[in-house]
Amino acid sequence: MDLQTKMRLERLGMDVPKTLERFLNNEKMLVKFLKKFEADDNMEKLSLALTRGDTQTAFEAAHALKGISANLSLGNLNEIVTKQSDLLRHDHLKQATLLQPEAQAAYDEAKKIIGILK
C-alpha cells in the first residue's frame, strides 16, 4: 500500500497494519470491502429516523453502522455511532440527535476517502 493511501486511511481512524492483517494482508480485498461501504444507506436511514423522532429505526441504523464501521476499522465513525447506538438503546433520542452532525461529518469523510481508493 502506498504511503498516501495509508495516510488517508489513518485519517479515518484506521490502524492500517492491523486491518490489513484481518484481511489476510490482501490490499485488494480490503479496498473491495471498503468500496461496498459506499453503497450502504444506514447513515441516510439514521438521519431520517432522527429527524422523524423514530428512536427504534434510528437505533437499528446506528447499530448497523456501528458494526460496519467496526468491521472496516473506520474508527472515527465507529466511535460516534457507537455512542449514538448506546444512547438510542436507552431512548435518549435528543442526545443521539445532537451527535448527528459529527457522525455525518465522519461518514462523509470516510465516503470521500474511500471514493478515491483504487
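**Helix α6, A105 and the largest pocket**

In this predicted model, helix α6 tucks away a set of buried residues: L77, N78, I80, V81, Q84, S85 and L88. Quite a few helices help to cover them, including α3 (27-37), α4 (42-52), α5 (55-71), α7 (93-98) and α8 (100-115). As for the geometry of α6 itself, the helix takes in residues 75-89, 15 residues in total, so at 1.5 Å a residue a span of 21 Å is expected. The C-alpha atoms at its two ends do sit 21 Å apart, in agreement with that figure. After α6 comes D91, with a positive phi near 60°.

One of the helices covering α6, namely α8, also holds A105. With a relative accessibility of 46%, A105 falls into the partly exposed class, because that class lies between the 20% and 50% cut-offs. A105 is separated from L30 by 75 residues in sequence, and their C-alpha atoms are 22 Å apart in space.

Then there is the matter of empty space. The largest pocket comes out at about 200 Å³. Its lining is made up of M1, D2, Q4, T5, R8, E27, K28, V31, I116, L117 and K118. Two elements, α1 (3-11) and α3, each give two or more residues to that lining. Sorted by class, the lining has 5 charged, 4 nonpolar and 2 polar residues. Helix α3 thus turns up twice here: among the elements covering the buried residues of α6, and again in the lining of the largest pocket.

Definitions and conventions
Residues are numbered from 1 along each chain as its sequence is written. This is a predicted model: local features need pLDDT of at least 70, side-chain atom pairs count only at pLDDT 80 or more; totals for chains, interfaces and linings use all residues. Side-chain values use heavy atoms; hydrogens and water are left out. Helices (H or I, at least four residues) and strands (E, at least two) are DSSP runs, numbered from the N terminus. The expected span of a helix is 1.5 Å times one less than its number of residues. Buried means under 20% relative accessible area, exposed over 50%, partly exposed in between (1.4 Å probe, protein chains only). Contact means heavy atoms within 4.5 Å. On a 1 Å grid over the protein atoms alone, a cavity is a set of points where a 1.4 Å probe fits but cannot get out, and a pocket is an open set with protein on both sides within 12 Å along at least five of seven lines; lining residues have an atom within 4 Å of a point. Grid points are joined across faces, edges and corners, and a volume is the space filled by probe spheres set on the points. Ala, Val, Leu, Ile, Met, Phe, Trp, Tyr, Cys and Pro count as nonpolar, Asp, Glu, Lys and Arg as charged, and the others, Gly among them, as polar.
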